[in-house]
Amino acid sequence: MARSRVHRSSLMAWPIGRAVLIGVALLSVSLAGCGGGGSGESLPPGDKPPRQGSIRMVNLIPNAPQISGFLSAANVAVTAIPGVDFGQSSALTKYLVAIYQLNVEYIDPSGDVTDVVPVIQDIELTQEKEASFYLMGDWAAPIVLRVDNVEIDFGVKPNDNHLNEASVQVVHGATSTGPVDVYLTQFGADLSTAVPLATGVNFDQFSPLTTIAPSDTYQLRVTDPGTTNVRFDSGSFSIKGFTRSVFVVRDNFGPSGTPFRVSIVTADGAFQFPGESLPNSMRLGNFVPDVPAVDAYFTATTNPPTFTNAQFAQIGARTPVAAGGATVPFKVVATGTTTPILIDTTIAVPADMYQTELLAGSVAKSTIGPMTIFDEVRAIATEARVTVAQVSSQIGAVDVYIVPPGVPTTDIAPTMAALALKTSAHASLLPGTYDVIVTRSGSQTVLVGPERISVEVGAQLYTLAITDSDGGGPPILMRRYDALAP
Amino acid sequence: MTLVRRLVLCLALVSLAACGGGSGGGSNKVKTPTTFGKFRLINALVDSPPLTVKLGTVVQGTVSFSQSTKLLTEGATNYQLNVQYTTPGGTVKTVVDNRALTIAVNEQITFVLLGTLASVSVVELDENAPDIAAGDSEVRFVQSVAGGSYDFYLTGAGVDITTVGPTATVNALVVSDSMTVPSGANQRLRVTAAGDKTVLYDSGAFTLDDQARRLFLLGDYFGPGGDGVRAVEIDDHSATTFLAEDLPAALSIANEVVDLAGLDGYLHGIAGSPDFANVALDAISAAQTIPIGNTDVALTTAGTPGHVVVPDASFVLGTGETQTLVVAGVDSAGNVTTRPVTTPVRPIAGVAQVRVIDASPAAPAVDFFAVATGALPAAGKAQLTLLVLQASGVALLDPGSYDLYFTTGGTTSVVTGPQPITVAAGGIYSVLLADQAGGGSPVRIVVAD
């Protein structure tokens, strides 16, 4: 199994003849970067100037804040890879061929910038190259696993059967587990007779690219090495032709307690498998002032409700809810009734997530509806995160200022601007004490605040809700929940 | 690596070098460009409104009294610095006029405006980027209080200042030299008159960040308690107050419970004499100095402790804060609400500050207008918009006479008004929107000061 901080196995494994072709391409590409190029080049169809390779950055550091990348090269403008949170990947993005350096930076909530890892030098981005940088390990000593592949579209010709194949790869970036075997099979296949996609993949390692046929019924399972003891099961999922999927083993902080899970990294980012079955841990908050208590259902209202008697302005206890993907039927009625159905919609219920579902708006104003907050209970080494939800039916959009004591709102931009009804936002804060002020959006009309909060680093949730008063109407209140609860 | 591959890479590198050189092996980090310097402006003009800071033609931000802009990254070149403010009537006033300024590479320039709007003293600090050893910080003391020299003691929290000399003695409208001090937790800033040991200001314990450059700004203090001066810490982002500073808070009560003649307020449970006795309808009590922290106020009908109007209005008061607890509603209807609203305490030269509070349960969302006497509200000219019950804001007015109006929010449809008012420069006023006596509409404008 490959283990390298800077690994170029895919290129180096190529035959000499193809490398020569690459060299020709590199030379012409580099000249094109000078303004040259022109006709007569023997580039494959689709590989049009300007010549570009691809780069992405994946954040697998389990206690990391959001990190950003900055790519720079001679004669190429600095380009940002903004805001990659834990478990996320930047989109696989094209950049002009050049020799880059990549600064991976943490921009803290006060704007100070620190290097996450030493500057990654000499990234020779060529037209055929897809360079992925996986940041992993503890925040105190993170490392970079670089994986260079050949671009999926490099050299593809119109008459190739490129739609009949896809490529996959395994990357292990979980600090919470040792080596694993990874099986990619048809759904329900017997593992005892299956051939693993990769065996013994350990932290900071990756498997070679493997070409597979597209299918709508794949299943990914991760086992202890040499066994069929399944520790992760993707459920059924599809892989389309002419796509590349990287199965990234990463730490998990979901309610299942499972120490790791697998994300699927594609050209668009990192995603979870839609067919995962571990339950969601959900709680319900009722902020509809003209319905003092509600019941909520994920099935027909002839069945028992999942949430019962949810009182106004209260966020209830968590309960396991079967994962169901992006569109799970969701109905809400006044407690003790089955009609009228006040909310009849679908919501996302992803697997193994902590979720808070808030009901907001007003029946009388026909604005009632749900809003979803995915709760991040993961401890971040550097900062706390405060969630603010706008669930007051009496006001429109608000600006939220979270400022150190003594800083006036007139001097600064809002921490959260134009937070509309049934929306929420997270603010990253350094540990400390702050004042929270809520104004009408775009004005200095103070609706509520200043109210003082203190936050610290850890796995606590900090939640504020901008709400109506009990029974509805103003004054607008800032209610505190979780670690901010009075 | 094969010979062929080496050749391939060499070709690529050579061709890139032909474009102007590669960056392989270089150390030009993205985040530290070498063609930039830093700039910030500190506003210590004791009577100033928020100031607008412009470098060249670019507005860099607004900076209030006792505040600082961020330490801004700017291109290393020559600039013209302009500092201005706009009066409520729309006249642009210049505080710093086209002052030439050169920002050199890696230089940090801090402009400090000291004195008053009528007599501005500008101090320019030119420093290189910090190069501070671990375990140390670099500090300066800015003394913006007129007419006196002060001793600054920056020590460990437990140090008896009678046993040590001052860290710095700084005259009025002067900035000390930069000095290196130990960083870390349990630092404490105390300020005395020069040559005296009586502490006029005490920051309490705080943490001085390691390898950081900080300024401590001493300014006039208008809040409760204290000895007329207050210090703030200026980092690279803003000026912040000290959380543990030795200053109390202050609280007053505004009574707009429109079916009661008066309210009593209790800070320590409903027993004995009220802390705020018989606050009349439409009145704001005198502010009382109280300890900071969690504050619980119980409110009863004046003289009748058994008639509880609000059992427990609970909120937090910070150091040096002055708040008014607005009590509004109709007791017999059971809709009395409370909210602590910040009270302006510092006069601004040439400007009146009108604090506007919506204390009317009966009113819709409203806009607030202060128009010339005899004029009517005009669309788009509201001083404050979309106030709802217990919302508030501060309108700045030029001295003079006005008619006050509240209109239906977003319109010029008058809900109540005109209410004449005459305001003076430097004055601070409170205007409330309240239900009629007994409750409901038509609502009223109450000028409480």
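How much area does chain A expose, and what share of it do carbon and sulfur atoms supply? Chain A exposes about 18,200 Å², and carbon and sulfur atoms supply 56% of that area. Keep in mind throughout that this is a predicted model.

**Stop 1: chain A as a whole**

Select chain A and show it as a cartoon. Its secondary structure comes to two helices and 38 strands. Chain A has 486 residues, and buried residues make up 54% of them. Now consider the contacts in chain A between residues at least 6 apart in sequence. Of these, 65% join residues at least 24 apart.

**Stop 2: strand 3 of chain A**

Select residues 52–59 of chain A, which form strand 3. Seven of its eight residues are buried, so the strand is largely enclosed by the rest of the structure. The cut-off for buried here is under 20% relative accessible area.

Add residues 93–96 of chain A. This is strand 6, and it pairs with strand 3 in the antiparallel sense over four bridges. Label G53(A) and Y95(A): Y95(A), in strand 6, stands opposite G53(A).

Next add residues 129–136 of chain A, strand 10. Strand 10 runs parallel to strand 3, and six bridges join the two. Pick V58(A) here; its bridge partner in strand 10 is Y134(A).

**Stop 3: the nonpolar cores**

In soluble globular proteins, nonpolar side chains tend to be buried together. Show side chains for V400(A), F368(B) and F406(B). These have the most contacts inside the largest nonpolar core, which has 48 residues. Strand 36 of chain A, residues 446–455, gives the most to this core, with four residues.

Centre on F406(B). Which residues is F406(B) in contact with, leaving aside its neighbours within four places in sequence? Among them are V356(B), V366(B), F368(B), L387(B), L433(B) and I445(B). The list also includes D367(B), S413(B) and T416(B).

Then move to a second, separate core of 26 residues. To find it, select V76(A), V84(A), L102(A) and I123(A), which this core includes.

**Stop 4: an open sheet in chain B**

Switch to chain B. Here an open sheet of four strands has the order 23-20-26-27, with mixed pairing. Select 288–290 and 337–342 of chain B for the edge strands, 23 and 27; each pairs on one side only. From one strand to the next, the twist averages 30 degrees.

Finish with residues 249–257 and 322–329 of chain B, strands 20 and 26. They run parallel and are joined by eight bridges. Label L251(B), then Q323(B) in strand 26, which stands opposite.

Technical notes: Residues are numbered from 1 along each chain as its sequence is written. Chains are lettered from A and ligands numbered from 1 in the order in which they are written. This is a predicted model: local features need pLDDT of at least 70, side-chain atom pairs count only at pLDDT 80 or more; totals for chains, interfaces and linings use all residues. Side-chain values use heavy atoms; hydrogens and water are left out. Buried means under 20% relative accessible area, exposed over 50%, partly exposed in between (1.4 Å probe, protein chains only). Contact means heavy atoms within 4.5 Å. Accessible areas come from the Shrake-Rupley method with a 1.4 Å probe; for residues, only the protein chains shown count as cover. Two strands pair if DSSP finds at least two bridges between them. A nonpolar core is a set of buried Ala, Val, Leu, Ile, Met, Phe, Trp, Tyr and Cys residues joined through side-chain atoms within 4.5 Å. Axes are lines fitted to C-alpha atoms, for helices over the stretch in contact, and angles run from 0 to 180 degrees between N-to-C directions.
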